[in-house]
Amino acid sequence: MPHHGHRFAGRSGNDGPAEFTRTGVNSVTESVTGGTRVDGFWCETVVRCPDAGGEWYLGGQWAATPAEALRWLRSQALRLADALDPRPGAGPLPAGALAAVASSPWSPGRVFRDWADDTAFLRVQQAALAAGRPVSANARGPDRIRGVGAVDVLYSLSARPVLRGAPARRLLRVT
């Protein structure tokens, strides 16, 4: 499995340049323990900026299968990559509107392109979803927000199983 020059860890990591989470797989089963079964998968794209106190929900999708969930996540990764790191000559902008810049350790667009191109790892994440575990791809990078200044922005693509037969949790009313 290629590493693309980025750190792969079991956490989103807030202490280094762009990176993404890799969830491992120990076994693949059709059902989850305790009599619950996976009923589908909820996928979403979220951007957070703790420095600015904001969170932006960019989109979500219900998926019936792990393969469908990973296809949606991959399409969102490529959409984010094109928005965050557009390639000169590609896309709706004229060829002269963009120019390549020097390489930077902060490149969420590159992280999401690398993740989307890593088909072996996408299969690992698909197996994790099938086994009832959530998966994600995360990146971070600097930005500037008017009135706030330089901030870290965290980008997250995630999919999680929705369980059928899971015991309901009661909401407690505080009086």
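Helix H1 crosses helix H3 in a right-handed sense. The contact draws on Pro 66, Ala 67, Ala 69, Leu 70 and Arg 74 from H1, which meet Leu 122, Gln 125, Gln 126, Leu 129 and Ala 130 from H3. Please keep in mind as you look around that this is a predicted model.

**How the two helices meet**

- Two packed helices can be described by the angle between their axes and by the distance between those axes.
- H1 covers residues 66-84 and H3 covers residues 119-130; their axes lie 9 Å apart, at an angle of about 135°.
- H1 is therefore oblique to H3, as angles that are neither under 35 degrees, nor over 145, nor from 65 to 115 count as oblique.
- What kinds of residue make up the contact of H1 with H3? Sorted by class, there are seven nonpolar residues, two polar ones and one charged one.

**The chain from end to end**

- Three helices and six strands make up the secondary structure elements of the chain.
- Following the sequence, you will meet them in the order β-β-β-β-α-α-α-β-β.
- Take the contacts in the chain between residues at least 6 apart in sequence: 64% of them join residues at least 24 apart.

**Inside and outside**

- How much of the chain is buried? Of its 175 residues, 38% count as buried.
- The exposed area of the chain is about 10500 Å², and 53% of that area comes from carbon and sulfur atoms.

Key: Residues are numbered from 1 along each chain as its sequence is written. This is a predicted model: local features need pLDDT of at least 70, side-chain atom pairs count only at pLDDT 80 or more; totals for chains, interfaces and linings use all residues. Side-chain values use heavy atoms; hydrogens and water are left out. Helices (H or I, at least four residues) and strands (E, at least two) are DSSP runs, numbered from the N terminus. Buried means under 20% relative accessible area, exposed over 50%, partly exposed in between (1.4 Å probe, protein chains only). Contact means heavy atoms within 4.5 Å. Accessible areas come from the Shrake-Rupley method with a 1.4 Å probe; for residues, only the protein chains shown count as cover. Axes are lines fitted to C-alpha atoms, for helices over the stretch in contact, and angles run from 0 to 180 degrees between N-to-C directions. A crossing is left-handed if the near helix is turned anticlockwise from the far one by less than a right angle, and right-handed if clockwise. Ala, Val, Leu, Ile, Met, Phe, Trp, Tyr, Cys and Pro count as nonpolar, Asp, Glu, Lys and Arg as charged, and the others, Gly among them, as polar.
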